Amino acid sequence: MNDSIDYRTYLDDLVRRRSYVKVQYFTELHELITLNALVVSLTMEGNDPIVVLSTGDRIPLPKLVSAGGEFSPHYEGYAPYCETCDC
């Protein structure tokens, strides 16, 4: 099974559950942002998948590091760093 498809399925499940989760993502300046929010939707802008949060943030899927403790297939190696981060 394709890890990217599995992760999108996981994100769709977060949308359905409507619970606040810890979200971590990189900005365009490669800053790691950590916040708690609802994952409102997973949508497309052109050919790019976008994760929309209740905070109004619109995160390109390739910039999403983790949501609800599950790491994106692109950032699985970041778990030790992100779990020790106090941000």
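**Close-up views of a predicted model**

**View 1. Pairing of strand 6 with strand 7.** Strand 6 (residues 64-67) and strand 7 run antiparallel and are joined by two bridges, in a model that is predicted. Within this pairing, Ser66 has Phe71 of strand 7 as its bridge partner.

**View 2. The open sheet and the helix that packs on it.** The sheet is open and is formed by four strands in the order 2-1-6-7, with antiparallel pairing. Strand 2 and strand 7 each have a single partner strand and stand at the edges, so one side of each lacks a neighbour in the sheet. Helix 1 (residues 3-17) packs on this sheet, where it touches strand 1, strand 6 and strand 7, and the direction of helix 1 makes about 50° with that of strand 6.

**View 3. The aromatic pair of Phe26 and Tyr75.** Two aromatic pairs are found in a search of the whole structure, and one of them is formed by Phe26 and Tyr75, a tilted pair with 5.6 Å centre to centre and 50° between the planes. Distant parts of the chain are linked by this pair, since Phe26 lies in strand 1 (residues 21-26) and Tyr75 in the loop between strand 7 (70-71) and helix 2 (79-84), 49 residues apart. Phe26 and Tyr75 are both buried.

**View 4. The surroundings of Thr27.** Thr27 is placed in the loop between strand 1 and strand 2 (32-37). The relative accessibility of Thr27 is 19%, and Thr27 therefore counts as buried, the cut-off being under 20%. When its neighbours within four places in sequence are left aside, Thr27 is in contact with Ile33 and Lys63.

Notes:
Residues are numbered from 1 along each chain as its sequence is written. This is a predicted model: local features need pLDDT of at least 70, side-chain atom pairs count only at pLDDT 80 or more; totals for chains, interfaces and linings use all residues. Side-chain values use heavy atoms; hydrogens and water are left out. Rings of Phe, Tyr and Trp (its six-membered ring) pair if their centres lie within 6.5 Å; planes under 30 degrees apart count as stacked, over 60 as edge-to-face and the rest as tilted. Buried means under 20% relative accessible area, exposed over 50%, partly exposed in between (1.4 Å probe, protein chains only). Contact means heavy atoms within 4.5 Å. Two strands pair if DSSP finds at least two bridges between them. Axes are lines fitted to C-alpha atoms, for helices over the stretch in contact, and angles run from 0 to 180 degrees between N-to-C directions.
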